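Me: Please take a close look at one part of this model, the place where its domains meet. I would like the helix packing there described with the cut-offs stated.

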Amino acid sequence: MSQDEPVLLGPARVRELAAAAGVRPTKALGQNFVLDAGTVRKIVRQASVAPGETVVEVGPGLGSLTLGLLAAGADVVAVEIDPVLAALLPSTVVAQAPSLHVEPPDGEGAPVVLRDGAGRARLTVVTADALTVTALPGPAPTSLVANLPYNVAVPVLLTFLERFDSLQRGLVMVQAEVADRLAAGPGSRTYGVPSAKVAWYATARRVATVGRSVFWPVPNVDSALVRLDRREPPTTTASRQEVFAVVDAAFAQRRKMLRSALAELAGSSAAAQQALVAAGLDPGDRGERIGIEGFAALAEQLVPVAGAGAR
Ligand code: SAM
């Protein structure tokens, strides 16, 4: 390891940092910090992070994964909702990666930037709720790599895929059960709204399981890594919002056949039946058997012709 390479955090250092700053992890913000450098390396490897690429990390926490991303040569934009953790991150990173220095911020609330000796921005810390961030400083990120807060993992993922179309890849750590849902295909027991919506943007694969013992505090469930690769959305004249409305309606009453589940959206069960047939689908099927292409074809049939021009 070169002298300039960031030193990853281990269990003793994580606890020391938290104790020194008086950090008490809160469940409400999904704060479970990774103690194990091996897990961080695994995440970074599965993310295929390339030196010089811009990675956005949601929820850097105490910096375990941030340091792993920096060690792989990525330039990182980290979005953290907890102001105490966001304020702590620059000094932690400088202590572990002394070749970086903190640039005085532009003003109160401005992102804090850490640069290397050549002046390149290697880490930008944004204090914000990831769900409300609409723009990120610096070059557009090509990858999202994050140990996502459990309670908002799916909305954060969908929001980022929607808002930042520069994102080509992603590697997220989520609850194992959520990982299964994200990666499930039609016909699977775990296939549902998150699976269908994520499939609009990307292919999702569960690539590894992570035991609960690598976290502090130890959560009640195991986690898993999901790899995402951007794909073209299905070809359709319907908008994404229209397709997602059909997905929501199809799964709102999971046990119902599509012709009943979509009756309200279509205006009547007969209209739903007609749209389903026109889309090449079986009106007696259930939502859990329809892929995102099917939902897109269906949305196209359900959109009133008058609305089409307004998109
Ligand atoms: N990346 C760190 C690690 O691996 O040790 C911490 C991961 S912890 C599971 C989730 C982090 O997300 C916490 O630091 C938490 O404060 C932050 N967080 C929670 N909700 C957030 C939100 N809406 N926007 C941004 N960060 C959030």
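Reply: What follows covers the domain interface, the helices that pack there, and then a few local features elsewhere.

This is a predicted model, in which local features need pLDDT of at least 70, side-chain atom pairs count only at pLDDT 80 or more, and totals for chains, interfaces and linings use all residues. Residues are numbered from 1 along each chain as its sequence is written, and side-chain values use heavy atoms, with hydrogens and water left out.

The protein is split into domain 1 (11–230) and domain 2 (240–310), with bounds that come from an automatic or database domain assignment. The C-alpha centres of domain 1 and domain 2 are 35 Å apart. Across the boundary, 12 residues of domain 1 are in contact (heavy atoms within 4.5 Å) with 15 residues of domain 2. Between domain 1 and domain 2 an area of about 1,100 Å² is buried, and carbon and sulfur atoms give 67% of that area. Buried area here is the accessible area (1.4 Å probe) that two parts lose on being put together, summed over both. On the domain 1 side, Y191, K197 and W200 lose the most area to domain 2, together 49% of what that side buries.

Helices (H or I, at least four residues) and strands (E, at least two) are DSSP runs, numbered from the N terminus. Two packed helices are described by the angle between their axes and the distance between the axes. Axes are lines fitted to C-alpha atoms, for helices over the stretch in contact, and angles run from 0 to 180 degrees between N-to-C directions.

The axes of helix 7 and helix 8 (residues 240–252) come within 10 Å and cross at roughly 160°. Helix 7 is therefore roughly antiparallel to helix 8; angles under 35 degrees count as roughly parallel, over 145 as roughly antiparallel, 65 to 115 as roughly perpendicular and the rest as oblique. From helix 7, the residues V193, A196, K197, W200 and Y201 touch R240, V243, F244, V247, D248 and F251 of helix 8. By class, that contact between helix 7 and helix 8 holds 8 nonpolar, no polar and 3 charged residues. Ala, Val, Leu, Ile, Met, Phe, Trp, Tyr, Cys and Pro count as nonpolar, Asp, Glu, Lys and Arg as charged, and the others, Gly among them, as polar.

Helix 7 (residues 193–201) also packs on helix 12 (residues 292–302), where the axes come within 9 Å and cross at roughly 85°. Helix 7 is therefore roughly perpendicular to helix 12. A196, A199 and W200 of helix 7 make this contact with I292, F295 and A296 of helix 12. The contact of helix 7 with helix 12 has 6 nonpolar, no polar and no charged residues.

Two backbone features complete the description. The peptide bond from W216 to P217 is cis, with omega near -10°, and P217 sits in the loop between strand 10 (215–216) and strand 11 (223–230). S48 has phi near 50°, a positive value in a residue other than glycine, and S48 lies in the loop between helix 2 (37–46) and strand 2 (54–58).
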